[in-house]
Amino acid sequence: MALKSFIEVHPDSHFPIQNLPFGVFRPDTASLARPGVAIGDYVLDLSAVASASIFDGPILKDSDCFHQPNLNKFLALGRPAWKEARATLQRILSSTEPVLRDNAAFREKSLFLMSKVEMLLPIAIGDYTDFFSSMHHAKNCGTIFRGPQNPMPQNWFHLPIAYHGRASSVVITGTDISRPRGQGYPSGNSPPYFGPTQKLDFELEMAAVVGPGNELGKPIDVNDAAEHIFGLVLMNDWSARDIQAWEYVPLGPFLGKSFGTTISPWIVTLDALESFACAAPEQDPKPLPYLAEKVSKNYDISLEVQIKPDGQKDSCVVTRSNFKNLYWTLTQQLAHHTINGCNLRPGDLLGTGTISGPEPESMGCLLELTWNGQKPLSLNGITRKFLEDGDEVTFTGVCKGDGYNVGFGTCSGKVVPSP
Ligand SMILES: O=C(O)/C=C/C(=O)CC(=O)CC(=O)O
Ligand SMILES: [Ca+2]
Ligand SMILES: [Mg+2]
């Protein structure tokens with residue numbers, strides 16, 4: 001029989017007992033931030049569960065990791081602790097276990113309606129890196145930015161390319177994004193453009209949340225890398241294409257991307273995603289030995305982007321993609337990141353890069369979907385080349401199980417005018 005919770009969970013919910021993603025919330029603005037897991041329409045308060053001495057396994061028994069305003073301390077404990085927590089939580093939420101089910105006072109203290117709480121950034125992010133791991137996205141961007149002759153950089157099939165992003169401007173879903181100002185290409189003999197970006201874009205991404213990490217100077221083997229990934233979130237790497245195009249040679253993206261990056265609040269664990277694992281694409285040429293892994297895994301996660309223009313009632317789906325479209329795996333990204341000795345720390349965020357699929361309807365950003373503004377998209381009668389003020393962009397991600405979903409909820413943000 002399938003595992004079932006005593007809490008009623010709608011079959012369309014992203015958060016059945018099979019998922020149990022971790023986040024950080026507060027019941028109201030006067031109370032402290034604390035870790036929780038999502039179950040149906042509720043959030044289970046892990047500080048309350050810990051205070052009731054319910055985490056009785058060897059690692060979590062005496063730990064204060066759930067009495068923290070973020071998950072970093074829990075992440076640092078590693079997979080054995082994550083598995084211990086998941087097993088305890090699946091047990092106390094199951095339909096057959098009375099400890100929470102039959103204790104009204106405890107339920108009152110520990111279960112909150114998700115619609116009533118405030119979700120916060122679940123981790124303190126020390127460093128944020130963004131990869132470039134979708135071949136379709138890389139080809140399309142290469143063609144648009146550098147021309148169709150040689151769209152793929154020579155290094156692309158040998159290493160997972162990335163740039164160091166900006167951790168300070170990573171925000172939680174629901175945070176407004178101010179249209180950034182900056183420089184763009186000069187036209188003719190004039191000085192460079194300066195003003196609000198005229199090419200504001202979203203990028204459909206997911207991001208891995210790092211667990212224990214490594215000591216400086218001690219790389220992580222690609223075959224051990226999964227032990228360092230707690231789970232995944234949805235991520236929008238908002239991008240100003242005109243600023244980016246003018247500034248990025250030779251050092252890469254800078255102000256065109258550092259003005260805001262939105263993540264979804266619930267970290268879905270690799271343990272919950274395991275039932276949706278699938279083979280990653282065959283890699284040709286074979287990667288160098290340090291990137292050659294025994295098992296090369298992706299996950300079957302359906303992704304969708306909707307845009308809701310200001311004043312419109314309905315949003316419009318602009319793309320549908322899938323996480324399994326990535327060429328470089330999460331574990332190759334992580335191993336590559338540390339191969340020079342660079343240390344990763346608990347709570348670091350590793351963006352996958354824009355997840356475009358092979359079809360025109362599965363491109364992961366407007367730069368590709370409108371081919372740099374040359375082919376406007378039509379949304380319920382109005383057109384878009386790039387994002388306009390008032391546009392709300394929402395990502396969803398979900399794995400379809402047999403009779404249940406393992407989902408990510410949403411990652412959304414609204415564009416507001418430049419200050
Ligand atoms: O091809 C380029 O010059 C730039 C590509 C991007 O903007 C993509 C980037 O941020 C990495 C990614 O999301 O895949
Ligand atoms: Ca990106
Ligand atoms: Mg960004």
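Donors here are N, O and S atoms within 2.8 Å of the metal, or 3.2 Å for Na, K and Ca. With that in hand, here are the close-ups, all taken from a predicted model.

**View 1. The magnesium ion (ligand 3) and its donors.** Three residues coordinate the magnesium ion (ligand 3): Asp-237 through OD, Lys-257 through O and Thr-261 through OG1, at 2.1 to 2.5 Å. Read along the chain, these donors are spaced D-x19-K-x3-T. The pair Asp-237 and Thr-261 links distant parts of the chain, 24 residues apart: Asp-237 sits in the loop between strand 14 and strand 15 (239-240), and Thr-261 belongs to strand 16 (residues 261-263). Both Asp-237 and Thr-261 are buried.

**View 2. The calcium ion (ligand 2) and its acidic donors.** Look for Asp-130 (OD), Glu-203 (OE), Glu-205 (OE) and Asp-237 (OD), which coordinate the calcium ion (ligand 2) at 2.2 to 2.3 Å. Asp-237 also turns up among the donors of the magnesium ion (ligand 3). The sequence spacing for the calcium ion (ligand 2) is D-x72-E-x1-E-x31-D. Asp-130 in strand 6 (residues 128-131) and Glu-205 in strand 13 are 75 residues apart, a pair that links distant parts of the chain. Asp-130 is buried, at a relative accessible area of 2%, and Glu-205 is buried too, at 0%. What makes the arrangement around the calcium ion (ligand 2) irregular? Its six donor atoms subtend angles of 77 to 166°. For six octahedral donors, the ideal angles are 90 or 180 degrees.

**View 3. Helix 6 and what it packs against.** Helix 6 (residues 135-146) has twelve residues, so at 1.5 Å a residue it should span 16 Å; the end C-alpha atoms are 15 Å apart, which agrees. Its buried residues are His-137, Ala-138, Asn-140, Cys-141, Gly-142 and Ile-144. Those buried residues pack against helix 10 (366-369). Just past the end of helix 6, check out Gly-147, which takes a positive phi of about 100°.

**View 4. Cys-141, a cysteine without a bond.** Zoom in on Cys-141, one of the buried residues of helix 6, with a relative accessible area of 5%. Why is there no bond to Cys-365? The sulfur of Cys-365 is the closest cysteine sulfur, but it lies 5.3 Å from that of Cys-141, so the two are too far apart for a bond; a disulfide would need the sulfur atoms within 2.5 Å. In fact, the structure holds zero disulfides. Another cysteine, Cys-342, counts as partly exposed because its relative accessibility is 24%.

**View 5. Strand 20 and its two partners.** Strand 20 (residues 302-308) pairs with strand 21 (residues 316-322) in the antiparallel sense, over six bridges. Strand 20 also runs antiparallel to strand 25 (residues 392-400), and seven bridges join the two. Ile-307 is a handy residue to follow here: its bridge partner in strand 21 is Cys-316, and in strand 25 it stands opposite Val-393.

**View 6. Gly-217 and Thr-338.** Gly-217 lies in the loop between strand 13 (204-210) and strand 14 (229-236). Buried or exposed, how does Gly-217 count? Gly-217 counts as exposed, because its relative accessibility is 52%. Gly-217 and Thr-338 are 121 residues apart in sequence, yet their C-alpha atoms are 8.3 Å apart in space.

Terms used: Residues numbered from 1 in each chain as written. Chains lettered and ligands numbered in written order. Predicted model: local features only at pLDDT ≥ 70, side-chain atom pairs only at ≥ 80, totals over all residues. Heavy atoms only, no water. Pairing = 2+ DSSP bridges. Helix = DSSP H or I, 4+ residues; strand = E, 2+ residues; numbered from the N terminus. Buried < 20%, exposed > 50% of the residue type's maximum accessible area, 1.4 Å probe, protein only. Tetrahedral: all angles 85-135°; square planar, octahedral: opposite > 155°, others 65-115°. Expected span 1.5 Å × (residues − 1). Contact = heavy atoms within 4.5 Å.
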